[in-house]
Amino acid sequence: MKRIVSISLGSARRDYQFITTVLGQQIEVRRIGTNGDTALAASLVRDFDGKVDAIGLGGLTPVFHVGAARYPHHEALTIAREARRTPVVAGNLIKQTLDRWCIQQANQAQRGIFNYRRILVTSGIDRYALAQALAQYDAELRFADPVVHSGVPFLPLPRSIPQLDMYAATTLPIAALLPYRVLHPVALGSEGHDARAEKHFAWADVIAGDFAYIRRFAPHDLKNKVIVTDDPSPEEIEDLRARGVRTLVTLSPRLESVDQTRHPFVSADVLEAIVVAILESGPTPTEGDIINFIDDAEWGPEVIQLSDETEKPRFAFVIHPLSPKYIANHPRFRFTRYLPERLVERVAAHFPPMYISKMRGIRSQATGEEIEGLLFTLGATPRELMRHDTAFTYRRLIKCARMAERMGAKIMGLGAFTSVVGDAGITVAQKSDIGITSGNSLTVAATLEAAKQAVIKMGATDLTRGKAMVVGATGSIGSVCARLLAQAIGDVVLVAPRVERLLALKKQIEAETPGARVTAATSADAYLAECDLIVTTTSALSGRVINVDKLKPGAVVCDVARPPDVKKEDAARRPDVLVIESGEILLPGEPDFGFDIGLPPGTAYACLSETALLTMEHMYGDYTLGRNIEIEKVKEMYRLMKKHGLQLAGLRSFDEYVTDEMLAEKRRLADERRRQLGLPVAAPSSPVQ
């Protein structure tokens, strides 16, 4: 039987002794804590020299491996050299290999567990390979070394591997000459809590490093955090559970004792001592020996879910100000109302994405499950989004997606202009690890439903005998609206600036819907007087997309664009015409957006509602992307909308609900205008229900 002993600077209260079997060989493992007494540690090394097969040093690193540099520590080396016959190891080789393997395997077991997270490494100089492994997941890193080593809480922390290298190069040559407790305050043996690094632990989503640091410096509240560490005891694991930790990832395997009980996890020096004892390779086995041993022994991490609390399904949604005045609506930027608007607009465009609020109270009527939303905003107005290249917007949306993922969202919706810039979400989806949707499928479904209701309320009795126009027909929303309107009405005018796209869409509709009468034009003016319904879906910023003076009496304009294509002052010239916004949605439950999104309480834009609807259905993959919206997805959104209890909100015109009295007056004015133009007057319609 092989015998190893771990001599640790930690507490003697955590000592253990057991026998395990590794690769067919029995190993007696013993840990002896010294309560921070380095003299006692040196004495124990001398006592066990020649009496065991390997000695591990717990909490002691004779040589720090940071990047390509090596920093020997005088006191730790002195302790290690007390042994003349027995190999002494500190776990460096295991940390350099097993740490990387455990991180990779943990990410395989739980995809996205480290992606774009805020990660605090308790001591980067002690577990450099762990830091490197975590850095590859595009995480936001911080290293607690300056605070835990010096005891000064306000020192800035390294935030990247190069900064950690620089920290090591400037501090370790001096610190290596000082007592070891300067670098490892846990070696003082105190079991009490130290609050010097609490704010950094609270900042992190993931806390990684030796459990000795976590035990001493972590705050009591660790709710929803991921802990990546080496050797917590069963009691400490239960304590982590009680403190709200969501997931524990171990950097070592459990070692099963010969009496079939599973032993607590052990530290890196114990594992390396086992390797040295079995291989009989002396104190420095090769990296290849370690890698092959880990493979043969099937060592790896355990990913343990500690929290029984089921998180609410969560989505994210991105908005942006439609004009500079919206920027001043935010409490933090009220002062901007006193500044030149164009200056505010240009500066705000360069703001990083900001988290605004949590959306609560949205509950599916089908399942009763409540979901949560996270609201983010960019600083750019539509004019600024159009002025910059697409990469400008992509970078901000990708950062939004990473922030959303870190906060637990599984899908993100793109609102307003963010859904039409560039390739309409495809690039953002490719660069993100959560689902992305433009929300345009439900936007189309809600728009057509709102348009149908509006036309009926304006007096139409037979929709199949009407005529519809789609302005911006070759866009992502416009094209599918045109295709569906052709199936329902049969007589459609397509308006868009690019002839080649118009002709392609015209041929597609004629092939899909034989008998449909499709007219293509680059200007709407010649056909406005014939159309009962006009759907505008452009990305124009001028607001002069159609000439309202040429509209047919009693026509309905459904304005999908944001900013709107039809201005309120223009619509005022034609009080006989009904201009409505695209169909907004009443979300089920008691929604609270935590922020004024410009709609009545509980009412959301269809693009936001699609993201919420996909979350209710637990459909977290990419959904509506690109310029070609699939008709089947529009129909699926309509079906899911009915299933989960989403309802079309009342018709709205320029931020005001359309009342029965308003409709009656518009119908009266439309009839009056028809008489003036010598057109047939519509038959009296029944009161609006």
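The accessible surface of the protein adds up to about 28900 Å², and 51% of that belongs to carbon and sulfur atoms. The model is a predicted one. Charge comes out even by count: there are 83 positive and 83 negative side chains, with the centres of the two sets 5 Å apart. Of the 689 residues, 57% count as buried.

As for the overall build, the chain carries 23 helices and 30 strands. Its radius of gyration is 33 Å, well over the 26 Å that the globule rule gives for 689 residues, so the protein is more spread out than a compact globule. Taken along the principal axes, the box filled by the C-alpha atoms is roughly 115 × 55 × 45 Å. Contacts reach across the sequence too: among those between residues at least 6 apart, 68% join residues at least 24 apart.

Thr229 gives a local view of such contacts. This residue sits in strand β11, which covers residues 226–229. With a relative accessibility of 0%, Thr229 falls under the 20% cut-off and therefore counts as buried. Setting aside neighbours within four places in sequence, Thr229 touches Gly209, Asp210, Phe211 and Ile214, and also Leu248, Val249, Thr250 and Leu251. Val303 is 74 residues away from Thr229 in sequence, yet the two C-alpha atoms are 11 Å apart in space.

Two helices deserve a closer look. Helix α21, residues 606–616, is mostly covered, with 11 of its 11 residues buried. The buried set includes Cys607, Leu608, Leu613, Leu614 and Met616, but Glu610 is also in there, along with Ser609, Thr611 and Thr615. Just past the end of α21, His618 takes up a positive phi of about 55°.

Helix α23 runs over residues 660–677. At 1.5 Å a residue, its 18 residues should span 26 Å, and the end C-alpha atoms are 26 Å apart, so the expected and modelled lengths agree. The buried residues in α23 are Leu663, Lys666, Arg667, Leu669, Ala670, Asp671 and Arg674, a list that mixes charged side chains with Leu and Ala. What do these buried residues pack against? Their partners are helix α17 (440–457) and strand β24 (578–581). After α23 comes Gly678, with a positive phi near 75°.

Backbone angles are worth a word here. Most residues other than glycine have a negative phi. Asn35 is not a glycine, but has a positive phi of about 55°. Its place is the loop between β3 (25–33) and α1 (38–48). Is Asn35 buried, partly exposed or exposed? Its relative accessibility is 41%, so Asn35 counts as partly exposed.

Phe654 is another non-glycine residue with a positive phi, again about 55°. This one is found in the loop that links β29 (652–653) and β30 (656–657). Phe654 has a relative accessibility of 23%, which means that it counts as partly exposed; the cut-off for buried is under 20%.

Note on methods
Residues numbered from 1 in each chain as written. Predicted model: local features only at pLDDT ≥ 70, side-chain atom pairs only at ≥ 80, totals over all residues. Heavy atoms only, no water. Helix = DSSP H or I, 4+ residues; strand = E, 2+ residues; numbered from the N terminus. Expected span 1.5 Å × (residues − 1). Buried < 20%, exposed > 50% of the residue type's maximum accessible area, 1.4 Å probe, protein only. Contact = heavy atoms within 4.5 Å. Rg over C-alpha atoms; globule rule 2.2 N^0.38 Å. Areas by Shrake-Rupley, 256 points an atom, 1.4 Å probe, with all protein chains shown as cover. Charge placed at Lys NZ, Arg CZ, Asp CG, Glu CD.
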